[in-house]
Amino acid sequence: METIVEINNLTKEFKGKRAVEDVSFSIKPGEVVAILGPNGAGKSTAILMMLGLLHPTSGTVSLFNQKPQEQKVRERIGVMLQQVSIMDALKVKELLALFRSYYPTPLSMEEMIRLTGMQGSELNRRTDKLSGGQKRRVSFALAMAGNPDLVFFDEPTVGMDSTARKQFWEKVRQHANAGKTVLFSTHYLQEADDVATRILLFNEGKLVADGSPASIKQRLLKKAVSFKMDGHFPKEQFLAMEHISDVSEEKGRIVIQTEDTDRVLSSLFSIEMPISDIAIDKGRLEDAFEQLTVEQGVS
Amino acid sequence: MIMLLNECKIEMIRIFRNPYFVFWSLLMPIIFYFIFTKVVDTGVDDQELWNKHFLMSIAVFSVMGSAIMTLGIRVVQERSEGWTTWIKVTPLPSSSYFIAKMVGQSAVHVFSIIVIFIAGIILNGVSMTFVEWVSSAAWILIASFPFLALGVLVGTMKRVDTASGISNIIYLALAITGGLWMPMEILPKTIQLIGSWLPAYHYGNGAWGIIRGQFPEFKSIAILTVYLLLFMVLSIYIRRKQEAV
């Protein structure tokens, strides 16, 4: 099977500081990949290098087994960068037509218009007169102009309200369902979990984990309550309780894996078990990832 | 090729829709022309020659302004807003984008020259031979290249405010010292001396020669060529440095 993205030992230094350090991964057709990480993790830098807009200090990038700067590659990718700007002094329709003219097999005009969600006289408005949300939708349509096999979205939903976000991901899903590959960056764990089939977890420029959303989520969110207990260890009883995902005995202590330590504690106290020396372990949710916005607020 | 033509057309549409362009490059020069040939008594001996001479001055003034400002500021704006970056990831070659800007801008210059010449005919009944009209228009178009290059140089600036401020100052200083507002001869000696080494005077001088039945002076052509090369080299150098990051 063709490899869509191939990254080998990618490193980028800015004035001696490493923004991206020795990152390697490859992406197969049809994957929806989220680059997840807190601000400053090197997500945008990695994307800019993948697009050939930044030169790596070392390492290689290839898209469709070619350099990202190749014309043939450009014809097969669609891009929405963080900074959304649209060429001014043109009508929405003119801009859509212009972008269609860049690609060998563009989407139909009707399809592009559908992606903007605009209709009638709105399409004759000048791009500089559009609202922020409309500009985003137009730039999304422009990114899709060439019916790309691979799309890049750098923090696409920042500043979108929850309805806009939903609509956006719905359209992306449709595109992915057609067998296309999607790569996006986000600092929302929930978003990566909802949309992606695979998460690349970035921290301080390094790729620290690569796996399915479920495994990454577990790794980030798992917490534990541990304690000593006199007498018999009623494993089955614990497993039957709510919010408990696993129970084990380690070095004379009972360890309960959970996503909600508060609830577990309150259940333990209510059934008055003979337990002592209770400790709460925040698990593997490392400090850096506390910056990750787990839930997406309604902004 | 179709892509390039399409891109040129788009650039032209965008310039014509820019209210600053219409005001500074078409309206202002024509108002100037009206004032200095109809309203103010300039006390020249040969009014008919002055009408022709000043028509060339303001056409040069208009094209020079749009080459430096419309082009330069737009380039800065597109880069600072991230549009230029986006274009780089589309299949449109960067060279086509650049060429379209130059060609589109030049096509707009042809339009400006025609409008201003027509204003001269309507306002003052300026009459010249066909060859004089065409060759002066051709000079104004071709000799604008150093100013396009200056516009590209302005385009390497980081902020729109800086670019628009600096290009405004350069533009007005060049216009005055180049004798485009009032004839060089009535300017102070020092300014005349400085102006004679700057490109604007030579730009005007070529056109003033043509309407007097002379071929543009060699010195003018030489100085304009040197400036063209200088601005090109400078902007390539700066662009390289910026991209090295």
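# Worked exercises on a two-chain model

At 15% relative accessibility, A:L265 counts as buried. Keep in mind that this model is predicted. Let's warm up with that residue and then move on.

**Exercise 1. Find out where A:L265 sits and which residues it touches, leaving out those up to four places away in sequence.**

Step 1: Locate the residue. A:L265 belongs to helix α10 of chain A, which covers residues 261-270.

Step 2: Check the burial label. Buried means under 20% relative accessible area, and A:L265 has 15%, so it counts as buried.

Step 3: List the neighbours. Once residues up to four places away in sequence are set aside, A:L265 touches A:V225, A:I278 and A:I280.

Step 4: Take one of these partners and compare sequence with space. A:L265 and A:I280 are 15 residues apart along the chain, and their C-alpha atoms are 9.4 Å apart.

**Exercise 2. Work out how A:D22 and A:F64 stand with respect to phi, place and accessibility.**

Step 1: Recall the usual pattern. Most residues other than glycine have a negative phi.

Step 2: Look at the angles. A:D22 isn't a glycine, yet its phi is positive, at about 50°. A:F64 also has a positive phi of about 50° without being a glycine.

Step 3: Place them. A:D22 is in strand β2 of chain A, residues 17-27, whereas A:F64 is in the loop between β4 (58-63) and α2 of that chain.

Step 4: Read the accessibility. A:D22 has 49% relative accessibility, so it counts as partly exposed. A:F64 has 4%, so it counts as buried.

**Exercise 3. Describe the contact between chain A and chain B, going from area to residue pairs.**

Step 1: Start with the area. The two chains bury about 2400 Å² between them, and 61% of that is on carbon and sulfur atoms. On the chain A side, A:S85, A:M87 and A:Y102 supply 26% of the area buried against chain B, more than any other three residues.

Step 2: Count who takes part. Chain A brings 29 residues to the contact and chain B brings 25.

Step 3: Look for charge pairs. There are three salt bridges between chain A and chain B. B:R74 forms a salt bridge with A:D88, with the closest N and O atoms 3.5 Å apart.

Step 4: Add the polar contacts. Nine residue pairs across the interface are in polar contact, with both residues at pLDDT 80 or more.

Step 5: Ask which elements of chain A are involved. α2 (71-74), β5 (77-80), α3 (92-100) and α5 (132-143) each supply at least two residues of the side that touches chain B. Helix α3(A) gives the most, with four residues.

Step 6: Sort that side by class. The side of chain A that touches chain B has 17 nonpolar, five polar and seven charged residues.

**Exercise 4. Look at the annotated domain of chain B, then decide how covered helix α7(B) is.**

Step 1: Read the record. An unreviewed UniProt entry annotates residues 20-242 of chain B as "domain: ABC transmembrane type-2".

Step 2: Check the make-up of that stretch. Over residues 20-242, chain B is 79% helix and 0% strand, with the end C-alpha atoms 29 Å apart.

Step 3: Zoom in on α7(B), residues 145-154. Nine of its ten residues are buried, so this helix is mostly covered. Among the buried ones are B:F147, B:L150 and B:V154.

Step 4: See what does the covering. The buried residues of α7(B) pack against α3 (47-80), α5 (94-124), α6 (130-142), α8 (160-177), α10 (199-211) and α11 (218-243) of chain B.

Technical notes. Residues are numbered from 1 along each chain as its sequence is written. Chains are lettered from A and ligands numbered from 1 in the order in which they are written. This is a predicted model: local features need pLDDT of at least 70, side-chain atom pairs count only at pLDDT 80 or more; totals for chains, interfaces and linings use all residues. Side-chain values use heavy atoms; hydrogens and water are left out. UniProt positions are given in the numbering used here, feature names are shortened, and annotations may be inferred rather than shown by experiment. Contact means heavy atoms within 4.5 Å. Buried area is the accessible area (1.4 Å probe) that two parts lose on being put together, summed over both. A salt bridge is a side-chain nitrogen of Lys or Arg within 4 Å of a carboxyl oxygen of Asp or Glu. A polar contact is a pair of N or O atoms within 3.5 Å; within protein, one must be able to donate a hydrogen and the other to accept it, and residues adjacent in sequence count only if both atoms are side-chain atoms. Ala, Val, Leu, Ile, Met, Phe, Trp, Tyr, Cys and Pro count as nonpolar, Asp, Glu, Lys and Arg as charged, and the others, Gly among them, as polar. Buried means under 20% relative accessible area, exposed over 50%, partly exposed in between (1.4 Å probe, protein chains only).
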